[in-house]
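New to this one? Take a minute with the picture, then use the notes as a walking guide.

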Amino acid sequence: MSLVELGRYDRNLANILVGRLESEGIPALAFDAGASIADGSWLLIPVRVMVDEDDLDRARDVANSA
């Protein structure tokens with residue numbers, strides 16, 4: 001079991017997608033969500049949504065339908 005990147009999104013969309021994936025039974029994490037929030041550039045830094053490699057195909061289907 002290892003984590004793989006589903007995609008990179010703005011912070012708000014990444015957190016919404018993590019919630020959507022988890023509601024479908026797919027554990028997911030948002031990496032880098034707090035990067036550079038102190039200097040006001042949080043909108044410029046993409047957040048990586050990570051899932052288990054075994055869930056990647058299903059997670060892509062969920063992300064593409066959202």
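Here is a short tour, going from the overall layout to the strands, the helices and one residue.

Keep in mind that this is a predicted model. The protein has 2 helices and 3 strands, and from the N terminus on they come in the order β-α-β-β-α.

**The big picture**

- Of the 66 residues in the protein, 30% are buried.
- The accessible surface adds up to about 4100 Å², and carbon and sulfur atoms account for 52% of that area.
- Take the contacts between residues at least 6 apart in sequence: 68% of them join residues at least 24 apart.

**The strands**

- Start with β3, which pairs with β1 through 6 bridges, the two running antiparallel.
- β2 also pairs with β3, here through 4 bridges, and this pair runs antiparallel too.
- For a closer look at the pairing, find Glu5, whose bridge partner in β3 is Met50.
- Phe31, for its part, sits opposite Arg48 of β3.
- How many of the 6 residues of β3 are buried? The count is 5, so β3 is largely enclosed by the rest of the structure.

**Helix α1**

- This helix covers residues 11-23, which makes 13 residues. At 1.5 Å a residue it should span 18 Å, and its end C-alpha atoms lie 19 Å apart, so the two values agree.
- Which residues of α1 are buried? They are Arg11, Ala14, Leu17, Val18 and Leu21.
- These buried residues take up an arc of only 120° around the axis, which means they share the same side of α1.
- Turn to the other side of α1 and you meet Ile16 and Ser23, both exposed.
- What covers the buried residues of α1? The cover includes β1 (3-9), β2 (28-31), β3 (47-52) and α2 (56-65).
- Look at the two ends as well. At the start of α1, a side-chain oxygen of Asp10 comes to within 3.0 Å of the backbone nitrogen of Asn12.
- After α1 comes Gly25, with a positive phi near 85°.

**Helix α2**

- The buried residues in α2 are Leu56, Ala59, Val62 and Ala63.
- Their arc around the axis is only 120°, so they sit on the same side of α2.
- Those buried residues pack against β1, α1 and β3.
- Which exposed residues does the face of α2 turned away from the buried side carry? You will find Asp57, Asp61, Asn64 and Ser65 there.

**One residue to zoom in on: Leu6**

- Leu6 belongs to strand β1.
- Is Leu6 buried or exposed? Its relative accessibility is 13%, and buried means under 20%, so Leu6 counts as buried.
- Setting aside neighbours within four places in sequence, Leu6 is in contact with Leu17, Leu21, Val49, Leu56, Ala59, Arg60 and Ala63.
- Some of those partners have already come up: Leu17 and Leu21 are among the buried residues of α1, while Leu56, Ala59 and Ala63 are among those of α2.
- Leu6 and Glu53 are 47 residues apart along the chain, yet their C-alpha atoms are separated by 9.2 Å.

Conventions. Residues numbered from 1 in each chain as written. Predicted model: local features only at pLDDT ≥ 70, side-chain atom pairs only at ≥ 80, totals over all residues. Heavy atoms only, no water. Expected span 1.5 Å × (residues − 1). Buried < 20%, exposed > 50% of the residue type's maximum accessible area, 1.4 Å probe, protein only. Arc of directions from axis to C-beta. Contact = heavy atoms within 4.5 Å. Polar contact = N/O pair within 3.5 Å; in protein donor to acceptor, adjacent residues only side chain to side chain. Areas by Shrake-Rupley, 256 points an atom, 1.4 Å probe, with all protein chains shown as cover. Pairing = 2+ DSSP bridges.
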